[in-house]
Amino acid sequence: MYYHHLNNLIVLFLIIPSLVELLTINTDILILPHNAQRGFVLLEETKPSRYNEFLQCLKQTNDQLNIDIDQKYGDLILNKTIENFIFNQQRLLCTINRKQSSILKLYYTIINSSNDISFTSPIYHLDPISFSIYRFKNIECLSSSSSFINYEFVDTSIPLNINQITGQISSKNECPNLKEILIKCYDISNKIKHAYAKILFDQICQTNSIKQSDMDWINRIGDERRKRLYYQESNINLTQSIRHRRQQSVQPPSRLTLRFNESYIGSISYIKYCRRQTTNDHLEQTFQFPTKYENFLRERLRINDQGELFVLRPFDYELFQTITFQFHCLILEQQNGGMNLTRVNKTEDIQLIIDDVNDELPRWIMDEPYQYGTYFGYVEKSARPETPVFRFKAFDPDTNSKLTYEIVHGDKNLFHLSSDGTLTTHSNQPLNSPIYNLTVRAVDLNSQVSKMMRSNEAHLMIYTNHFEPKFFQEKYRFNVSEYTQPSTIIGTIRAKSFSTTSDNLRYFLQQPVTGGTQTILQSGTIGGGGGDMYEFKIDETEGSIKILKMLRYSDQHNNNTKFFTGIVKELSGWQMQSHVEIEIYVLDINDKVPTFKQTYYTPQISEDYPLNTPIINFTVTDDDARNTPNSNITFDLIDPYGKFAIFNDTRVSTSNNIQAYLIAKERLDYESLSPLDRQYKLKIIARDHGQPQSLQSEAQIYITITDVNDEPPVFKENPVQKTIAENTQRGTFIVFVDVVDPEYNDSVTVQFLSTSEFNPFRIITSPGGGRVILEQALLPDKEFYNLTIQASDRLGHTSQAQLLITIYDVNDHTPRIEQCEQGIITALIRENATLNTQIIKINATDEDRGLNGEIQFSLKGTNDPQQDSDMFSIDPDTGLVTNKKKLKHLKSGFSEYTMTIFAQDKDPSNPRSTHCILKITVEDINDHYPVITSPARDNDLISIKMEKRVNFNYPVLVVRAKDEDSGKNALLHFSL
């Protein structure tokens, strides 16, 4: 389960000379603790497609990891505890073909977790009813030390209990209704040592109606195992609602609802589960906003690494009142040993409810002629009081707005403005002035901003005399795209008469005066001396303008803007007329393809061609409208070699005429190209930015490269390694060093670089490399030679490689026992010595190395037929001789033991040995009292009979005694 995404490698394969296919190779690494047990989850089955990937992995044998697929949940697990592991060695587990152009190489490495703690598996499956753990007896954290381990939940708000000492989990409620949780264990004496694991609930219990299958889930390995069945809504009992978590529909994310007013700036919520807790946390917080409001929301919402959500800028109630988007939180914690554990991986819906603030200005919405910031009205000079003159009307988008109207400037004695915006005459005074000007303000009484900021003003010009009709705009501008079909309406001009109805108005078009005569045709077409006279027509009664023929945009002829005068006439009433300016713009359609002046280029250059120097220059033009996206050209260079670039010469280029160069940004290489043509095959694509679809064209470039002797010789193998025997004879061939010169018809010289160390070897240049021979005798104690070989061509290009020669020992020396100069070794031991007394240490040497120089000792035979032969022993490694039984010095019998010592080297194929005689003498101790053997005694009393008269020194008694000891201990002295 613990794995890192290391890198993504893009490997280029040439299929045919003109096609290049991209193959994506992804590399993942699993990091396993050395004490991982059977059932340890390597990878979790998160989607059906992963089962096929795991099946591929299972079919590829591995001599160290025994893996399997869990038949119930589909996880990739260890099928056997790891044995014979090597720490921190990256090894390939399997190669997975995901699709036609994607390969996953899955590596693993085993780390030493002796100084840390870890769970028996990073993922556990738990039954929320019985709280039994699948595949394991319980949830357990392993520690190499004897310290105490505590357990806890990462999120303490979940409705479960955990025993801190045993890790046993129980429920606070009848049904926890959870999908997954995170559990943590730590060493209470050193909390730095901690680990995490994920617990997945394999059943979800619900109390309401849920989707239920018409049949049981298929729970077997194979293609049918992940077949999804359709569900129907039905009311079912709680016991029937328990389903495997893999088999149920994905639960919808939880929802967080936040409410604030549109002007609020500041913190609005804490998302507690999504905060950085340690410096080892890798935190990713992402929002998925609706596309329509994405930019708006990204400018206004931020979340920090403590999970605090901020509003940076005011919202706009008028834009939307509520909006929902998704927030995703991912927290990875890096543990000791480089393992990454997913502590939080949660998606949540966030709903924002925006309350309105009365902050919008009223907006005028009168459908009246409006020119140069002024509205127009008419009233007769003799109008009676309360005669309607004009109706002001405004709109406020705020929900609690309350509008009123007031006259700011103007004669309030002559005119009255009601609260609903109706302007009437106010008195019987005559209106003598031909024009009256009023300024009226619309005020929101409930606005929360200042009075000046909560109102909007409008200017009204009131005529009392006859005046011409007024157009609704002071100037009309219309756009028409080229290729627009004839009879298409491109716009409408409108006017209002203050003396008659709109039915009595007639509209005409007229070209501006350019020196010729002009006539307004009754049909509404333009007549006279204009080039555009038959291009447009106006409907006399409605004022709508149509085109009469298809138009074309042209950059060569400055005729893309049409200027006209619109005229309106009153057929009744005051029978006056007025005019307005009309501009019609012909818009360019992106119909011109960027065009290369030449579509096929075949330059020839040498491989040492200077970098950043033009190889070819090319021109691309686009005849669409200048300085618009339709003619804005950009280039894409298809360069599978990564050695070239395009330089745009902005000094002479324009937006629709590009002068550019192809340059080499990296050194070219003749030898790396196919021998068939020695060419770099490129493609340049020129595309514009027109909408709705850009246009493009391409040019092919085939660059032929000529050879330059710029490549040094290349060693096929570096370093070159060889092992030889220490007794290798002079003149023996050792190894051939292969050297390849990428350049054609070139000679290579191979030699050793001089060194201060003794070099007994010689290298002789030969076709394709050099022959290494032993020229002088090897040094007797030298076990390794590290030599540098240099290959050079005739132009002085050189390369080097290391020659590593290892000297292995030959078992040509016999061990020598140091104490055995006379062929025998003598040793003494006292007769009262305890068992395993050290008698003598045998020393032996061997001039060989390695196993050939290591010695083991053995002992065979004694010369005492009355005793067991197993009287003594010798340590096979140290040569220390000890007694295995208690020994006794005897006058009659054996007090000396003779045996043979063998010293043999450890050569596994042909060991050599020597031997020596070992004589061990048992020394006597004075442990016996003398005994008088004659004359006979009676209660230690000796009776002597003698004559009365005897001579001096006459023997009267002879006393005899004996002592069982030996030597000096047996010499007796008598005294009276």
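The exchange below concerns two residues and one sheet of a predicted model.

Me: Why is R300 called buried?
Reply: The relative accessible area of R300 is 10%, and since buried means under 20%, R300 falls in that class. Its place is in the loop between α2 (294–298) and β21 (301–303), and, leaving aside residues up to four places away in sequence, R300 touches F310, V311, L312, R313, P314 and F315.

Me: What makes the approach of the R300 side chain to the backbone oxygen of F296 a polar contact?
Reply: The side chain of R300 reaches that backbone oxygen of F296 at 3.1 Å, and a polar contact requires a pair of N or O atoms within 3.5 Å, one able to donate a hydrogen and the other to accept it, so the distance of 3.1 Å meets the cut-off.

Me: Why does N150 count as buried?
Reply: N150, which is found in strand β11 (residues 149–153), has a relative accessibility of 15%, and because the limit for buried is under 20%, N150 is placed in that class. Residues up to four places away in sequence not being counted, N150 touches Q164, K184, C185, Y186 and I188.

Me: How do you know that β64 and β71 pair?
Reply: Seven bridges join β64 to β71 (residues 913–923), and the two run parallel; pairing requires at least two bridges, so these strands qualify. Within β71, I917 stands opposite I824.

Me: What makes β64 and β67 edge strands?
Reply: In the open, mixed sheet of four strands, the order is β64-β71-β70-β67, and β64 (824–830) and β67 (855–860) each pair on one side only.

Note on methods
Residues are numbered from 1 along each chain as its sequence is written. This is a predicted model: local features need pLDDT of at least 70, side-chain atom pairs count only at pLDDT 80 or more; totals for chains, interfaces and linings use all residues. Side-chain values use heavy atoms; hydrogens and water are left out. Buried means under 20% relative accessible area, exposed over 50%, partly exposed in between (1.4 Å probe, protein chains only). Contact means heavy atoms within 4.5 Å.
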